[in-house]
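Q: Please take a close look at one part of this model, the paired strands and the disulfide beside them. Describe how that part is built and where it sits in the chain.

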Amino acid sequence: SGGQATLLTYGQTGSGKTYTIEQVFSLASPLLAARARHGARGSAAPLRVSAVEVLGRRCVDLLSGSPCQPLAAAEGGIEL
């Protein structure tokens with residue numbers, strides 16, 4: 001049917017977080033694209049990707065370069 005996934009990196013500046021995300025995405029993207037084209041049962045499925053950077057209380061959409069909307073947890077109402 002469908003699914004969701006989150007890849008979160010956390011760590012000190014210069015520790016390789018961006019490199020790790022890029023490597024994982026480069027390995028996973030062909031598989032994700034094939035799955036989106038053919039779906040679990042042979043039909044096309046939508047695929048949405050987002051990439052954000054949270055630094056302090058600032059959120060930036062890495063795909064568009066624009067600021068993100070304030071983040072809120074789905075159930076806890078926690079905001080950044």
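A: What follows starts with the hairpin, goes on to the disulfide, and ends with the rest of the chain.

The model is predicted. Its secondary structure amounts to 1 helix and 2 strands, in the order α-β-β when read from the N terminus. The part in question is formed by the two strands and by a cysteine in the segment after S2.

Strand S1 covers residues 52-55 and pairs with S2 in the antiparallel sense, over 4 bridges. S2 itself spans 58-61. The two strands make a hairpin with 2 residues between them. Gly-56 is in that turn, and its phi is positive, about 65 degrees. Two of the pairings can be given by residue. Glu-53 of the hairpin stands opposite Val-60 in S2. Val-54 has Cys-59 as its bridge partner in S2. As background, side chains in a regular strand alternate between the two faces of the sheet.

Cys-59 leads on to the disulfide. A search of the whole structure finds 1 such link, and the cysteines joined are Cys-59 and Cys-68, with an S to S distance of 2.4 Å. In general terms, a disulfide is a covalent bond between the sulfur atoms of two cysteines. The torsion about the S-S bond is -65 degrees, making the link of Cys-59 and Cys-68 left-handed. Both cysteines are buried, whereas buried residues make up 6% of the 80 residues in the chain.

Cys-68 lies in the segment that comes after S2. Leaving aside residues up to four places away in sequence, Cys-68 touches Val-52, Cys-59, Val-60 and Asp-61. The contact with Val-52 bridges 16 residues of sequence, and the C-alpha atoms of Cys-68 and Val-52 are 7.7 Å apart. The segment after S2 therefore meets the hairpin at Cys-68, given that contact means heavy atoms within 4.5 Å.

The hairpin can also be placed relative to the N-terminal side of the chain. Tyr-10, in the segment before helix H1, is 44 residues away from Val-54 in sequence, yet their C-alpha atoms are 9.9 Å apart in space. Tyr-10 has a relative accessible area of 80% and so counts as exposed, the cut-off being over 50%.

Helix H1 covers residues 17-38. H1 has 22 residues and reaches 31 Å from its first C-alpha to its last, close to the expected 32 Å. A kink of about 40 degrees lies at Ala-28 in H1, shortly before Pro-30.

Two totals describe the chain around this part. Of the contacts with a separation of 6 or more, 7% are accounted for by residues 24 or more positions apart. The chain exposes about 7,200 Å², of which carbon and sulfur atoms supply 56%.

Methods: Residues numbered from 1 in each chain as written. Predicted model: local features only at pLDDT ≥ 70, side-chain atom pairs only at ≥ 80, totals over all residues. Heavy atoms only, no water. Buried < 20%, exposed > 50% of the residue type's maximum accessible area, 1.4 Å probe, protein only. Expected span 1.5 Å × (residues − 1). Bend = angle between axes of the 7 residues up to and from the residue. Areas by Shrake-Rupley, 256 points an atom, 1.4 Å probe, with all protein chains shown as cover. Disulfide = S-S within 2.5 Å. Pairing = 2+ DSSP bridges.
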